[in-house]
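Biologist: Can you walk me through this one? I'll ask as we go.

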Amino acid sequence: MRSELHDRRIGLSDANNFFVSCERCVNPALNGRPVVVLSGNDGCVIARSNEVKLLGVPMGAPYFQYRSMLAYNGVAIRSANHKLYNEISSQVMSVIKRYSDAQEIYSIDECFINLAISSVTDVVKYCRTIRKAVWDKCRIPVSIGIAPSKTLAKLASEYAKKHPETLGVYWMDATKYRDAEYMSQFDVSDVWGIGPRMANALRLGGIKTAAQFMLLDDRKLQRRFGVNGVFCAWELRGYPAYPIATEGRVQKSIMVSRTFGESITDYADLQDALLCFTVSAARQLRAAKQMAKRVAVKVETSRFNADYYANAKEFDCNTPVSSDADLIKIAVYLLEKIFIPGKKYKRCGILLSEFQDVSQGVQ
């Protein structure tokens with residue numbers, strides 16, 4: 001039983017095509033119909049239903065390039081409604097929280113939960129109960145990956161999404177993650193914690209799969225990629241390096257950032273992405289019962305571009321803040337300071353730090 005509890009220590013719930021699912025939740029007429037959600041100024045595609053994915057429309061694709069094709073195939077077009085998405089996300093997270101003593105909200109549509117619960121005899125059945133509860137209450141489909149580490153849980157949730165026979169729940173136990181042949185099906189770029197730059201460097205060295213990466217020598221990994229590279233390998237081997245960050249464990253900072261599938265050149269598109277990250281960071285801040293005195297925003301283009309550009313700007317608040325409105329205002333102000341027109345931005349993010357604990361109120 002102890003070994004089994006280790007192998008199902010962490011679960012990851014990930015909503016399927018979340019923005020599209022939210023649109024279908026409030027408008028059931030969209031069920032079964034291909035749907036795309038566009039960025040705030042309708043510049044690019046930021047969410048696609050499975051039907052649209054099969055049409056070959058990539059994430060981040062400029063809308064004007066696919067407008068005719070989408071119309072020809074009867075695709076429903078929706079502009080992003082982040083207020084709606086955050087409201088539904090809060091409902092989904094509240095439902096999931098009832099089923100575990102520890103929950104870490106990782107993004108607007110993902111959360112890690114503790115599943116090493118001795119009273120749970122059938123963990124797959126238990127997670128299917130969670131999945132049904134989310135659907136019954138919120139009408140949002142989720143996929144749940146079960147594994148001993150966060151990295152493996154991420155791979156498991158993606159496996160559950162792509163394989164209907166799992167019924168939305170997949171347990172990646174020791175018989176799987178210790179099998180080199182099985183782990184060879186996962187591309188090294190699919191591993192949580194391995195970004196595009198690191199993946200390219202690994203491929204140049206002949207490392208193309210998760211199975212090859214997890215067999216690398218720890219000392220070589222640390223010399224080349226630092227301690228995070230070592231931790232990533234440990235996680236793939238089934239040894240958790242990143243515990244679930246619960247509300248009782250106060251973080252020193254909160255960072256939400258993403259690397260975009262397609263480069264962004266338009267300011268409105270970049271701002272739209274940043275605002276989504278800001279709302280997610282604000283929610284984590286309030287969940288930890290903290291307020292932030294320092295806010296930083298960073299943007300970066302691809303390092304492989306000749307005109308590589310990266311910049312960050314900080315703002316120190318006279319009074320600590322935690323509301324969406326305050327943080328959004330600061331984030332937009334900082335982005336305006338570092339945005340350069342014409343650059344092809346590949347990544348942006350927000351960092352909150354210098355916390356003040358408000359769990360006992362504010363003096």
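Biologist: In what order do the four strands of the open sheet run?
Modeller: The order is β9-β12-β10-β11, with antiparallel pairing. Strands here are DSSP runs of E, at least two residues, numbered from the N terminus, and two strands pair if DSSP finds at least two bridges between them. This is a predicted model, where local features need pLDDT of at least 70 and side-chain atom pairs count only at 80 or more, while totals for chains, interfaces and linings use all residues. Residues are numbered from 1 along each chain as its sequence is written, and side-chain values use heavy atoms, leaving out hydrogens and water.

Biologist: Which are the edge strands?
Modeller: β9 and β11 (310–321), each pairing on one side only.

Biologist: How many bridges join β10 and β12?
Modeller: Eleven, between β10 (residues 290–301) and β12 (residues 345–357), in the antiparallel sense. V299 has C348 as its bridge partner in β12.

Biologist: Switching to cysteines. How many disulfides does the structure hold?
Modeller: Zero, where a disulfide is a pair of cysteine sulfur atoms within 2.5 Å.

Biologist: Why is C138 without a bond?
Modeller: Because the closest cysteine sulfur, in C25, is 7.4 Å from the sulfur of C138, too far for a bond. C138 is also buried, at 3% relative accessible area; buried means under 20%, with a 1.4 Å probe and protein chains only.

Biologist: And C317, buried or exposed?
Modeller: C317 is buried, at 7% relative accessibility. The nearest cysteine sulfur to C317, that of C348, is 19 Å away.

Terms used. Buried means under 20% relative accessible area, exposed over 50%, partly exposed in between (1.4 Å probe, protein chains only).
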